[in-house]
Amino acid sequence: MQEDLDAVASISVVPTILDVIQQSTGMGFVAVARVTDDRWVACQTLDLIDFGLGPGGELRLETTICHEIRQSGELVVIDDVDASEVYARHHTPLQYGFKSYISVPIYLRGNVFFGTLCAIDPNPAKLSGTVTVGMFRLFADLIGRHLDARADVTDTKQKLDHELETSELRDQFIAILGHDLRNPLASISAGTRILAREEQAAKSKTVIALMQQSVDRMANLIDNVMDFARGRLGGGIGLNRTHLPLGPVLMQIVEEHRSAYPDRQIETDLALDTPLTLDHQRIGQLFSNLLSNALTHGAPDKPIRIGATRSGNTLELWIANAGEPISQADIPRLFQPFKRREGKGNGKVQGLGLGLYIAAEIAQAHGGRISVSSTPNETRFTLRVPAC
C-alpha cells in the first residue's frame with residue numbers, strides 16, 4: 001500500500017488536478033483513493049470542508065460507495081442525495097453527511113482496477129449531464145497512465161540492476177577462472193617440453209606434439225577470456241608500445257601455425273623493413289586470431305595468403321582465404337563476443353567466439369579498425385592502424 005501511495009505522490013500533476021476539480025465543481029473535498037478488496041486509503045486529497053482525511057488516511061471500505069464502484073466498474077454521480085431514488089437512504093451519505101458526490105474508477109494497464117478519483121460536498125451540485133463527468137474521466141485516465149509509466153520505469157530499473165549484477169558476477173567469474181587455469185596449464189606445458197627433450201618412440205613424439213599444440217591453444221583461449229573480462233570490467237586492453245620491426249613477430253606466428261597445420265599452405269608477403277611503434281605482442285595476438293580464423297574457415301585445399309605494407313604512418317595487414325563466403329547476415333556480428341559464423345568450418349573446434357572480438361578490441365586500442373570483405377572467390381580481413 002505504501003508503494004501505491006508513493007506512486008501517486010510522485011505524480012506532479014495530481015495536486016493541480018485536484019485543484020482544477022475543486023474550482024470547476026465547487027466541491028469541498030477531492031481525493032485520489034487506492035481501493036482494494038479490503039481497504040480504502042486516501043493517496044492525495046484537497047480538503048476545504050474539514051472532512052479530516054489526508055494522504056494515508058483510511059475509511060472502512062464497506063462504508064464507501066467506492067467499494068461498490070470497484071465491484072461494478074461504473075462511475076457514480078449524485079447531484080443531490082435527497083433527490084436520488086438510489087442514494088436517498090444509502091448508508092454512505094447518511095454516515096458522512098454529503099449531498100453531492102462523484103467518483104470515477106482509475107484503471108491501470110490490462111484493465112486492472114487501482115482506485116477512484118472522487119469528490120464530495122455537503123451541498124448539492126450540478127454534476128450529471130455536464131462536462132464535469134468527461135473531465136473526471138480524462139483526469140482518471142491520465143492518473144492511470146502516469147501510474148503505468150512509473151511502474152514501467154521501476155520495472156526497467158529493477159531489470160537493469162539485475163542484469164548489471166549478473167553481468168558483473170559473470171565477468172568476475174571469467175576473470176577468476178582464466179587466472180586459476182594458468183597454473184595447471186603451465187605445469188602441463190612444462191611437462192610436455194621436458195618429455196619432448198628426451199628420447200621417445202615416433203608415436204610418443206607425435207602424441208607429445210599434439211599435447212603441446214593443445215596446451216598452446218588453451219593458453220590462447222585463456223588469453224582471450226582474460227582480455228574479454230578486462231574489457232567488460234572497465235579496464236580495457238592495455239598497450240605497451242615499442243619501436244621495433246614487426247616482421248619477425250608475424251613470421252614467428254606463421255611458423256607456429258604451419259607447425260600446427262602441417263597440411264595447410266600459408267603464403268606471406270610482408271613488406272615491413274622498418275621498425276614500427278606498436279604493441280608488438282598485442283598485434284601478434286591480433287594476427288594470430290585472424291590467422292586461426294582463416295585456417296578454421298578457409299578451404300583446406302587452398303592457400304592462406306598474408307600481406308603487410310606500411311604506407312606513410314599507416315600499417316595495413318591483411319589475411320585472405322578461399323572457401324565459402326561469409327553471409328551478409330553474419331558480417332555485422334563477426335566482432336561481437338561469443339558470436340560465431342554459421343556453418344561447420346573445416347571440422348576444427350571453433351572455440352568461444354572471442355578471437356575476432358579480441359582482435360577488434362586490440363585494433364581499436366591502437367586507434368585502428370579491422371574491415372571484412374567476402375566474395376565467392378576470397379574472404380579478406382584487413383587491419384589498418386596508425387604506426388610511425
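**Buried residues, sheets and enclosed space in a predicted model**

At 12% relative accessibility, N293 counts as buried, because the cut-off for that class is under 20% relative accessible area. The model discussed here is predicted, and N293 is a handy place to enter it. This asparagine sits in helix α8, which covers residues 280-297. Once residues up to four places away in sequence are set aside, N293 touches L356 and F381.

F381 leads straight on to a set of paired strands. It belongs to β13, where it is the bridge partner of I319. Strand β13 (residues 379-386) pairs with β11 in the antiparallel sense, and eight bridges connect the two. On the evidence of accessibility, β11 (residues 314-321) is mostly covered, with six of its eight residues buried. Strand β11 also pairs with β10 (residues 304-311), again in the antiparallel sense, over seven bridges. One of the paired positions here joins R305 to A320 in β11. The hairpin of β10 and β11 has two residues between the strands, and in it G312 takes a positive phi near 65 degrees.

A further sheet is found earlier in the chain. This open sheet has six strands in the order β3-β2-β1-β6-β5-β4, and the pairing is antiparallel. Its edge strands, each pairing on one side only, are β3 (58-59) and β4 (76-78). At the β4 edge, three bridges join β4 to β5 (residues 100-108), and these two strands run antiparallel. Here I78 stands opposite Y101 in β5. Two helices lie across β1, β2 and β6: α1, running at about 25 degrees to β2, and α2 (residues 14-25), running at about 65 degrees to β2.

Y101 turns up again in the description of enclosed space. The count comes to one cavity of 30 Å³ or more, and the largest cavity has a volume of about 140 Å³. Elements giving two or more residues to the lining of this cavity are α4 (91-96) and β6 (112-121). The lining holds 14 residues, and W40, L59, T64, Y101 and I120 lie nearest the centre of the cavity. In character, the lining divides into eleven nonpolar residues, three polar and no charged.

Among these central lining residues, T64 deserves a brief look of its own. It is found in the loop between β3 and α3 (66-72). With a relative accessible area of 5%, T64 is buried, since that value falls under the 20% limit. Leaving aside neighbours within four places in sequence, T64 is in contact with W40, L59 and T92. Two of these partners, W40 and L59, are also listed with T64 as lying nearest the cavity centre. The C-alpha atoms of T64 and Y96 are separated by 9.3 Å, although the two residues are 32 residues apart along the chain.

Open space offers a useful companion to the cavity. The second largest pocket has a volume of about 230 Å³. Helices α1 (2-9) and α5 (131-196) each supply at least two residues of its lining, and the largest share, five residues, comes from α5. Residues of this lining include E3, D4, D6, L108, F114 and R150. The lining of the second largest pocket divides into five nonpolar residues, one polar and five charged, whereas the lining of the largest cavity has no charged residues.

Technical notes:
Residues are numbered from 1 along each chain as its sequence is written. This is a predicted model: local features need pLDDT of at least 70, side-chain atom pairs count only at pLDDT 80 or more; totals for chains, interfaces and linings use all residues. Side-chain values use heavy atoms; hydrogens and water are left out. On a 1 Å grid over the protein atoms alone, a cavity is a set of points where a 1.4 Å probe fits but cannot get out, and a pocket is an open set with protein on both sides within 12 Å along at least five of seven lines; lining residues have an atom within 4 Å of a point. Grid points are joined across faces, edges and corners, and a volume is the space filled by probe spheres set on the points. Helices (H or I, at least four residues) and strands (E, at least two) are DSSP runs, numbered from the N terminus. Ala, Val, Leu, Ile, Met, Phe, Trp, Tyr, Cys and Pro count as nonpolar, Asp, Glu, Lys and Arg as charged, and the others, Gly among them, as polar. Two strands pair if DSSP finds at least two bridges between them. Contact means heavy atoms within 4.5 Å. Axes are lines fitted to C-alpha atoms, for helices over the stretch in contact, and angles run from 0 to 180 degrees between N-to-C directions. Buried means under 20% relative accessible area, exposed over 50%, partly exposed in between (1.4 Å probe, protein chains only).
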